[in-house]
Amino acid sequence: MASNTLTISVATGRDSKADDYFGEAVDRDPRSAATYVSWGRALLSRGRVMEAQQKFEIAVELRPLGSSVYNDWGSALFWQNRESSRSE
């Protein structure tokens, strides 16, 4: 149920509400790597690359063998590099 609410909030552009929901989910289970990955993906989809990277870093610390988080983190690094190349 919570994951659907988060998805709907992100999809409908209610960014701050989605971040509130993710924050509440982390408060309930701060050891959930999946929550940090989902939050990172949501941030990345909204162009908030640096914040997404922070969430992926936490997810890796919590679950170092989770291969999907490395893929997502790599995407965030790609977009950060692309954005910094544009600004130069």
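These legends accompany close-up views of a predicted model.

**View 1. The whole chain is built from helices and no strands.**
The protein chain holds 5 helices and 0 strands. Read along the sequence, its pattern is α-α-α-α-α. The chain has 88 residues, and 35% of them are buried. About 5700 Å² of the chain is exposed. Carbon and sulfur atoms supply 51% of that area. Now take contacts between residues at least 6 apart in sequence: 39% of these join residues at least 24 apart.

**View 2. Asp19 sits in helix α2 and is buried.**
Helix α2 covers residues 15–28, and Asp19 belongs to this helix. The relative accessible area of Asp19 is 15%. Buried means under 20%, so Asp19 counts as buried.

**View 3. The side chains of Asp19 and Arg46 share a polar contact.**
The distance for this polar contact is 3.0 Å. Which residues does Asp19 contact, leaving aside its neighbours within four places in sequence? They are Trp39, Leu43, Arg46 and Arg48. Arg46 therefore appears twice for Asp19: in this list of contacts and in the polar contact between side chains.

**View 4. Helix α4 has the span expected from its number of residues.**
Helix α4 runs through residues 49–62, which makes 14 residues. At 1.5 Å a residue, the helix should span 20 Å. The C-alpha atoms at its ends are 20 Å apart, so the two values agree.

**View 5. Helix α4 carries a set of buried residues.**
Early in the helix, look for Val49, Ala52 and Gln53, which are among the buried residues. Lys55 and Phe56 are buried too. Ala59, Val60 and Leu62 complete the list.

Notes. Residues are numbered from 1 along each chain as its sequence is written. This is a predicted model: local features need pLDDT of at least 70, side-chain atom pairs count only at pLDDT 80 or more; totals for chains, interfaces and linings use all residues. Side-chain values use heavy atoms; hydrogens and water are left out. Helices (H or I, at least four residues) and strands (E, at least two) are DSSP runs, numbered from the N terminus. The expected span of a helix is 1.5 Å times one less than its number of residues. Buried means under 20% relative accessible area, exposed over 50%, partly exposed in between (1.4 Å probe, protein chains only). A polar contact is a pair of N or O atoms within 3.5 Å; within protein, one must be able to donate a hydrogen and the other to accept it, and residues adjacent in sequence count only if both atoms are side-chain atoms. Contact means heavy atoms within 4.5 Å. Accessible areas come from the Shrake-Rupley method with a 1.4 Å probe; for residues, only the protein chains shown count as cover.
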